[in-house]
Amino acid sequence: MRRRFGMALAVMLALSALSVGTAVAHTSKASYDHHVGDAFLQGLGFPAGVKATAENGDVVTVEGSGTFDVRAKTADGSGTFVHQNTAGDTLATGTWSASRLVAFQFYGCTPDGSAAGVRS
């Protein structure tokens, strides 16, 4: 379960990354903010938290924010998570923190300036 949560969190962070720097061609050496279901995204009309559902119906809801720097391979940030079963009973709650950047692939921006791959 811990590995699935880690993978889900990594995917959500990658998909929710919003650029605060400039990108050059296919390689980005910029700094970025990441937002996962936080107040910033809620202000844009998105619901609180991002949900990942396991095959057995358990749901993990993650919320948080922070920054990461591609050149320095550093990251910081934190947030919370709630793990619920199919009946809606809370099985676990806790916090998470970003401590380093392992890898990042920038796919560019759309013509309106939003990050590619992020749907609204």
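This section describes the fold, the confidence and selected residue environments of a predicted model of one protein chain.

The protein chain contains 2 helices and 6 strands, and along the sequence these elements follow the pattern α-β-β-α-β-β-β-β. Of the 120 residues in the protein chain, 31% are buried. The accessible area of the protein chain is about 7800 Å², of which carbon and sulfur atoms supply 55%. When contacts between residues at least 6 apart in sequence are considered, 46% of them join residues at least 24 apart.

Confidence varies along the model. The mean pLDDT of the protein chain is 79, and 68% of the residues score at least 70. Among the elements, strand β1 (residues 17–19) has the lowest confidence, with a mean of 43, whereas β6 has the highest, at 96. Over residues 17–25 the pLDDT stays under 50, and for this stretch the model has 16 contacts beyond four places in sequence.

Aromatic side chains were examined next. A pair of aromatic rings is described by the distance of the centres and the angle of the planes. A search of the whole structure yields 3 aromatic pairs. In one of them, the rings of Tyr32 and Phe68 have centres 5.3 Å apart and planes at 25°, and the pair is therefore classed as stacked, the angle being under 30 degrees. This pair links distant parts of the chain, since Tyr32 belongs to strand β2 (residues 31–36) and Phe68 to strand β4, with their positions 36 residues apart in the numbering. Tyr32 has a relative accessible area of 2% and is therefore buried, and Phe68, at 9% relative accessibility, likewise counts as buried. A further pair is formed by Tyr32 and Phe104, whose ring centres are 5.0 Å apart and whose planes stand at 50°, so that the pair is tilted. Here too distant parts of the chain are linked, with Tyr32 in strand β2 and Phe104 in the segment after β6 (90–98), 72 residues apart. Tyr32, Phe68 and Phe104 together form one aromatic cluster.

Within this cluster, the surroundings of Phe104 can be described further. With a relative accessible area of 24%, Phe104 is partly exposed, because this value falls between the 20% limit for buried residues and the 50% limit for exposed ones. Apart from residues up to four places away in sequence, Phe104 touches Tyr32, Phe68 and Val70. The C-alpha atoms of Phe104 and Asp69 are separated by 9.6 Å, although the two residues are 35 residues apart along the chain.

A second set of contacts involves strands β4 and β5. Val82 is placed in strand β5 (residues 74–84), and its relative accessible area of 28% makes this residue partly exposed. When residues up to four places away in sequence are not counted, Val82 touches Val59, Val60, Thr61, Thr90, Ala92 and Thr93. Between the C-alpha atoms of Val82 and Glu63, which are 19 residues apart along the chain, the separation is 9.1 Å. Thr61, one of the residues touched by Val82, lies in strand β4 (residues 59–69). The relative accessibility of Thr61 is 15%, and Thr61 therefore counts as buried, the limit being under 20%. Leaving aside neighbours within four places in sequence, Thr61 is in contact with Gly49, Val50 and Lys51, and also with Thr80, Phe81 and Val82.

The surface of the model was considered last. A nonpolar patch is formed there by Phe40, Leu44 and Phe46, which together have about 290 Å² of accessible area. Of these residues, Phe40 lies in helix α2 (residues 39–43), and at 42% relative accessibility Phe40 counts as partly exposed.

Key: Residues are numbered from 1 along each chain as its sequence is written. This is a predicted model: local features need pLDDT of at least 70, side-chain atom pairs count only at pLDDT 80 or more; totals for chains, interfaces and linings use all residues. Side-chain values use heavy atoms; hydrogens and water are left out. Patches are made of residues with over 30% relative accessible area and no salt bridge: like charges are joined within 9 Å, nonpolar side chains (Val, Leu, Ile, Met, Phe, Trp, Tyr) within 5 Å. Accessible areas come from the Shrake-Rupley method with a 1.4 Å probe; for residues, only the protein chains shown count as cover. A salt bridge is a side-chain nitrogen of Lys or Arg within 4 Å of a carboxyl oxygen of Asp or Glu. Helices (H or I, at least four residues) and strands (E, at least two) are DSSP runs, numbered from the N terminus. Buried means under 20% relative accessible area, exposed over 50%, partly exposed in between (1.4 Å probe, protein chains only). Contact means heavy atoms within 4.5 Å. Rings of Phe, Tyr and Trp (its six-membered ring) pair if their centres lie within 6.5 Å; planes under 30 degrees apart count as stacked, over 60 as edge-to-face and the rest as tilted. pLDDT is the predictor's confidence in each residue, from 0 to 100.
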